Amino acid sequence: MDKLISDVINSNSPYWVQKRKTLVINVYDDFKVRDALKVLATNKILSVPVIERATGDYLGFIDMNDILHSIIDSFLAKNSQQDGHDWVRLCHDVSETENFANQPVSVLINQSKKDFFIPVDESGSIHQLIDEIFSKGIHRVIVVGEDAKTKGIISQTDILEFILENRDEIKGADFEKPIGELKDLVEKDVITINAEVMTMQCYYVMMKHSKQSIALVGKNGEIVGNLSITDLRGLEPESFELLLAPAIDFWNKTNSKSKACVVPSSTPFKDVINTLYKNRLHRLWLSSEDEGGYGTVTIGNIMKYFSRDQHEVIRRNSLSSSSGSLNLNSSSNSISKKPLTPVKICPIVEEK
């Protein structure tokens with residue numbers, strides 16, 4: 001975990017060699033929302049960096065979460081109702097009018113207030129990146145060098161790949177332990193909803209409760225789907241009326257239906273990480289016949305597990321099962337205290 005960010009993103013591992021060859025897709029700040037949505041849909045991606053055309057600086061990211069929040073917030077501000085919301089009217093407005101689609105994309109940056117733009121120095125360590133950035137809920141960052149030039153983008157999913165590739169060197173982590181026994185990793189504060197509820201209503205409930213996903217349950221309370229922001233991938237303004245369908249029908253039209261979303265709580269931690277990484281998922285639902293009910297484990301929870309806050313817990317676990325002193329740093333018995341200071345080469349988008 002003490003490897004430098006620069007060493008990882010410039011490594012000769014097949015994963016990073018391929019990632020360096022992959023073209024980073026950007027949009028300019030004067031793009032219309034409609035154009036940005038088409039870029040996201042065409043490339044089947046959920047997020048895209050926004051560049052200031054005049055300077056070439058990165059201003060931040062926009063993602064489907066920002067777009068969803070912007071749509072719902074704008075609609076509710078104009079159409080506050082006591083007895084529910086007219087989602088049919090909302091989807092019609094988004095599909096047929098030009099007001100939303102013709103806004104400059106820059107106004108949507110971090111509308112969800114969940115993914116702040118933080119450029120980081122490539123000289124920091126992976127452990128610092130996890131502890132100071134990714135464990136706080138940030139999904140991706142721009143990496144810059146001493147010359148203030150962009151070196152690449154690194155995300156939470158990239159960290160999962162790093163953990164899997166370097167698992168033998170990460171001492172003290174409970175990779176073989178059943179995920180259900182790692183209580184700090186499992187969230188019990190979850191929301192479920194009838195699978196037949198309108199998709200837009202489900203997204204509204206998610207937004208209202210600050211959740212990134214909601215479990216769709218069948219008649220017997222079993223999880224039949226996992227609706228999340230990821231399922232908005234590929235959606236364009238003209239197809240927003242699809243959000244009026246029952247959530248289970250909308251979910252089945254996405255590629256999510258081919259992915260595992262529920263695993264037993266007895267699943268080893270390493271297999272949970274592998275399932276999340278291979279299927280490009282952000283969370284898994286856990287089922288337990290003994291305890292009843294459900295819980296979730298997210299990439300964010302995993303980032304917290306490997307952060308500085310969890311270091312002492314992992315160290316104590318390793319001491320109790322081994323005669324040697326083991327910790328997260330493969331070549332050091334200490335954790336660097338030097339903060340991973342963001343490199344301010346461009347404006348930071350702050351919560352208003």
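Modeller: In what follows, a residue is called buried if its relative accessible area is under 20%, exposed if it is over 50%, and partly exposed in between. The model we are discussing is a predicted one.

Biologist: How many of the 10 residues of α8 are buried?
Modeller: The buried residues of α8 include T199, M200, C202 and Y203, and Y204, V205, M206 and M207 are buried as well. The helix is largely enclosed by the rest of the structure, because the number of its 10 residues that are buried is eight.

Biologist: Which strands does helix α8 pack on, and in what sheet do they lie?
Modeller: The sheet is an open one of three strands, with mixed pairing and the order β7-β8-β9. Its edge strands, each pairing on one side only, are β7 and β9, and neighbouring strands are turned by 35° against each other on average, direction ignored. Helix α8, residues 199-208, packs on this sheet, and the strands that it touches are β7, β8 and β9.

Biologist: In which sense do β7 and β8 pair, and which residue of β8 stands opposite I193?
Modeller: Strand β8 covers residues 213-217, and its pairing with β7 runs over three bridges in the parallel sense. Opposite I193, the residue that stands in β8 is L216.

Biologist: Which residues touch the most other members of the largest nonpolar core?
Modeller: This core has 45 residues, and the elements that each supply at least two of them include β2, β3, α8 and β8. For L216, leaving aside its neighbours within four places in sequence, the contacts include I193, C202, V224, L227 and W251. The residues of the core that touch the most other members are Y203, I214, L216 and L232.

Biologist: How many residues are in the second, separate core?
Modeller: Among the members of this second core are M1 and V186. Y277 and I299 also belong to it, and its number of residues is 43.

Biologist: Is strand β2 largely enclosed by the rest of the structure or not, and how many of its residues are buried?
Modeller: In a regular strand the side chains alternate between the two faces of the sheet. In β2, S47, P49 and I51 are buried on one side, while V48 and V50 are buried on the other, and both faces are therefore covered. Strand β2, residues 47-51, is largely enclosed by the rest of the structure, because the number of its residues that are buried is five of the five.

Biologist: Which residue is the bridge partner of V48 in β3?
Modeller: Strand β2 pairs with β1 in the parallel sense over two bridges, and there the partner of V27 in β2 is V50. With β3, residues 58-63, β2 pairs in the antiparallel sense over five bridges. In β3, the bridge partner of V48 is I62.

Biologist: Which residue takes a positive phi in the hairpin of β2 and β3?
Modeller: The hairpin has six residues between the strands. With a phi near 85°, the residue in question is G56.

Biologist: What is the distance, centre to centre, between the rings of F175 and F269?
Modeller: The structure holds nine aromatic pairs, one of them the edge-to-face pair of Y15 and W16, with 5.4 Å centre to centre and 80° between the planes. The pair of F175 and F269 is stacked, since its planes stand 15° apart and under 30 degrees counts as stacked. Centre to centre, the distance in this stacked pair is 5.9 Å.

Biologist: How many residues apart in sequence are the parts that this pair ties together, F175 and F269?
Modeller: Both residues are buried, F175 with a relative accessible area of 6% and F269 with one of 0%, and ring pairs link them with Y305 and F306 into a cluster. F175 lies in the loop between α7 and β7, whereas F269 lies in helix α10, so the pair ties together parts whose separation in sequence is 94 residues.

Biologist: Which charged end sits over the ring of F175?
Modeller: In another such arrangement, the charged end of R140 sits over the ring of F61, 5.7 Å from its centre. Over the ring of F175, at 5.8 Å from its centre, sits the charged end of R167.

Biologist: Is A148 buried, partly exposed or exposed?
Modeller: A148 is placed in the loop between β5 and β6, and its C-alpha lies 8.8 Å from that of D121, a residue 27 places away in sequence. Its relative accessibility is 38%, which falls between the limits of 20% and 50%, so A148 counts as partly exposed.

Notes: Residues are numbered from 1 along each chain as its sequence is written. This is a predicted model: local features need pLDDT of at least 70, side-chain atom pairs count only at pLDDT 80 or more; totals for chains, interfaces and linings use all residues. Side-chain values use heavy atoms; hydrogens and water are left out. Buried means under 20% relative accessible area, exposed over 50%, partly exposed in between (1.4 Å probe, protein chains only). Helices (H or I, at least four residues) and strands (E, at least two) are DSSP runs, numbered from the N terminus. Two strands pair if DSSP finds at least two bridges between them. Rings of Phe, Tyr and Trp (its six-membered ring) pair if their centres lie within 6.5 Å; planes under 30 degrees apart count as stacked, over 60 as edge-to-face and the rest as tilted. A charge sits over a ring if NZ of Lys or CZ of Arg is within 6 Å of the ring centre and within 35 degrees of the ring normal. Axes are lines fitted to C-alpha atoms, for helices over the stretch in contact, and angles run from 0 to 180 degrees between N-to-C directions. Contact means heavy atoms within 4.5 Å. A nonpolar core is a set of buried Ala, Val, Leu, Ile, Met, Phe, Trp, Tyr and Cys residues joined through side-chain atoms within 4.5 Å.
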